[in-house]
Amino acid sequence: MLLECGMQEEGLFRVAPSASKLKKLKAALDCCVVDVQEYSADPHAIAGALKSYLRELPEPLMTFELYDEWIQASNIQEQDKRLQALWNACEKLPKANHNNIRYLIKFYPSSQNIKT
């Protein structure tokens, strides 16, 4: 829904939804009973739920285990080598984490040219 309806929304991930709407959406998501139509007019609520999900993960999306590798890759000066090191670290992520990152990258403004 965010990719279909929210990409043109100003401040999609900066503007906070109302606390009550976010709480209601999170409860519906936890029960797997979301009425998409109810939230289609408020992409900020969906974005807020996504941010909350990411904050509440028991382990960071990029994993504690790969932390040093991410840091080392980010410190590489040559862009091609840095990108290759980052790609190599991505390949080591658990499948669910890798899929989540592939989804999240689609929200980066210049990602329209990135094949995921």
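Me: How do the residues lining the second largest pocket divide into nonpolar, polar and charged?
Reply: The lining has 10 nonpolar residues, one polar and three charged. Keep in mind that this is a predicted model.

Me: OK. What volume does the second largest pocket have?
Reply: About 320 Å³. The lining counts 14 residues.

Me: Which of those are closest to the centre of the pocket?
Reply: Leu29, Ile46, Ala49, Leu50 and Tyr53.

Me: And which elements give two or more residues to the lining?
Reply: Three helices do: α2 (19-31), α4 (43-55) and α7 (95-105). The largest share comes from α4, with five residues.

Me: Where does that pocket lie relative to the domains?
Reply: Between domain 1 (1-56) and domain 2 (60-115). Both domains give residues to its lining, so the pocket counts as lying between them.

Me: Let me step back. How many helices and strands are there?
Reply: Seven helices and zero strands. Along the sequence the pattern reads α-α-α-α-α-α-α.

Me: What share of the protein is buried?
Reply: Of its 116 residues, 28% count as buried.

Me: Which residues make up the largest nonpolar core?
Reply: There are 10 of them. From the N-terminal end they are Leu2, Leu12, Leu22, Leu25, Ala45, Ile46, Ala47, Ala49, Leu50 and Phe107.

Me: Which helices supply at least two residues of that core?
Reply: α2 and α4. The most comes from α4, which gives five residues.

Me: I see some names twice. Which core residues did you also list at the pocket centre?
Reply: Ile46, Ala49 and Leu50 belong to the core. Those three are also among the residues closest to the centre of the second largest pocket.

Me: What is in the second core?
Reply: That one is separate and has seven residues. Leu66, Trp70, Ala89 and Ile101 are among them.

Me: Back to α4. Is Ser52 buried or exposed?
Reply: Ser52, a residue of helix α4, is buried. Its relative accessibility is 3%, so it falls under the 20% cut-off.

Me: Which side chain does Ser52 have a polar contact with?
Reply: The side chain of Glu56. The contact is 2.9 Å.

Me: Next, Ala73. Where does it sit?
Reply: In helix α5, which covers residues 67-74. Ala73 counts as buried because its relative accessibility is 1%.

Me: How far is the C-alpha of Ala73 from that of Leu86?
Reply: 5.7 Å. Along the chain the two residues are 13 residues apart.

Me: Now Lys21. Which helix is it in?
Reply: Helix α2.

Me: Why does Lys21 count as partly exposed?
Reply: Its relative accessibility is 31%. Partly exposed means between 20% and 50%, so Lys21 fits that class.

Me: And what separates the C-alpha atoms of Lys21 and Asp42?
Reply: A distance of 9.5 Å. These residues are 21 residues apart along the chain.

Me: Last topic, backbone angles. What stands out for Thr63?
Reply: Thr63 has a positive phi, about 65°, although it is not a glycine.

Me: Where is Thr63 placed?
Reply: In the loop between α4 and α5.

Me: Is Thr63 buried or exposed there?
Reply: Buried. The relative accessibility of Thr63 is 8%, so it too is under the 20% cut-off.

Notes
Residues are numbered from 1 along each chain as its sequence is written. This is a predicted model: local features need pLDDT of at least 70, side-chain atom pairs count only at pLDDT 80 or more; totals for chains, interfaces and linings use all residues. Side-chain values use heavy atoms; hydrogens and water are left out. On a 1 Å grid over the protein atoms alone, a cavity is a set of points where a 1.4 Å probe fits but cannot get out, and a pocket is an open set with protein on both sides within 12 Å along at least five of seven lines; lining residues have an atom within 4 Å of a point. Grid points are joined across faces, edges and corners, and a volume is the space filled by probe spheres set on the points. Helices (H or I, at least four residues) and strands (E, at least two) are DSSP runs, numbered from the N terminus. Ala, Val, Leu, Ile, Met, Phe, Trp, Tyr, Cys and Pro count as nonpolar, Asp, Glu, Lys and Arg as charged, and the others, Gly among them, as polar. Domain bounds come from an automatic or database domain assignment. A nonpolar core is a set of buried Ala, Val, Leu, Ile, Met, Phe, Trp, Tyr and Cys residues joined through side-chain atoms within 4.5 Å. Buried means under 20% relative accessible area, exposed over 50%, partly exposed in between (1.4 Å probe, protein chains only). A polar contact is a pair of N or O atoms within 3.5 Å; within protein, one must be able to donate a hydrogen and the other to accept it, and residues adjacent in sequence count only if both atoms are side-chain atoms.
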